[in-house]
Amino acid sequence: DPLPRREGGFIPTATAPTGMQVFGLLGNPVEHSLSPPMHEAAYDALGLDARYVTFEPGRDDGADAVRAADTLGIAGLNVTIPFKRDVLDAVDPDDVARRVGAVNTIDLSASPPRGYNTDVAGVERAFTHHGIAIDGREAVVVGAGGAGRAVAFALADAGAAVHIANRTVERAVELAADVPG
């Protein structure tokens, strides 16, 4: 392994000998994203030596971009459209990401890089925070991409009967078959 790795933490980037960590957003398109200024403000407020940048590879190059980011010493990635499913082959997904079939967060300090899906927990917390009981209800999820998959799994796990609506019938049918219940 040509890059130095620290046990239990992120690796410093190859281009930042001061120990600065570089994180990023992997998606296409990403120019509209508010993630960079939000993360940069948080790093400044917390006094962290870190930067947050965007990566916009070609629509078929998500897995290659993850491998390149790992080689360059990027500490971690957030993943958005259209790559949440595509990057599964470039990471070791945790149980939730594997089950859902989508990754939205990648820890590049692990070897191989570790992929997570935090969308499921976010959906669960949102309903809990607002006191909305899901068990025994019917729910319609609009969309069958990475986020739609996470929402469908979170709702089904909470006891809802889930129905999928999507532009392409094939993807709706595929997600409906994958979701428990």
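**Exercise 1.** In this predicted model, determine which parts of the chain are linked by the salt bridge between aspartate 157 and arginine 99.

*Solution.* Step 1: the two side chains meet in a salt bridge with an N to O distance of 2.5 Å. Step 2: aspartate 157 belongs to helix α5, whereas arginine 99 belongs to helix α3 (residues 95-100). Step 3: the partners are 58 residues apart, and the pair therefore links distant parts of the chain. Step 4: partly exposed residues have a relative accessible area between 20% and 50%. Aspartate 157, with 39%, is partly exposed, and arginine 99, with 38%, is partly exposed as well.

**Exercise 2.** Classify lysine 84 as buried or exposed, and locate its salt-bridge partner.

*Solution.* Step 1: buried means under 20% relative accessible area. Lysine 84 has 12%, so this residue is buried. Step 2: its side chain forms a salt bridge with that of aspartate 119 (2.9 Å, N to O). Step 3: lysine 84 lies in the loop between β3 (76-79) and β4 (92-93), while aspartate 119 lies in helix α4, 35 residues apart.

**Exercise 3.** Identify the helix that supplies the largest share of the largest nonpolar core, and describe the contacts of leucine 175.

*Solution.* Step 1: the core has 19 residues, and Leu175 is among those that touch the most other members. Step 2: α4 (119-129), β7 (138-142), α5 (146-157) and α6 (169-178) each supply at least two residues. Step 3: the largest share, six residues, comes from α5. Step 4: leaving aside residues up to four places away in sequence, leucine 175 touches several residues, including Ala152, Phe153 and Ile164.

Note on methods. Residues numbered from 1 in each chain as written. Predicted model: local features only at pLDDT ≥ 70, side-chain atom pairs only at ≥ 80, totals over all residues. Heavy atoms only, no water. Core = buried A, V, L, I, M, F, W, Y, C linked by side-chain atoms within 4.5 Å. Buried < 20%, exposed > 50% of the residue type's maximum accessible area, 1.4 Å probe, protein only. Helix = DSSP H or I, 4+ residues; strand = E, 2+ residues; numbered from the N terminus. Contact = heavy atoms within 4.5 Å. Salt bridge = Lys/Arg side-chain N within 4 Å of Asp/Glu carboxyl O.
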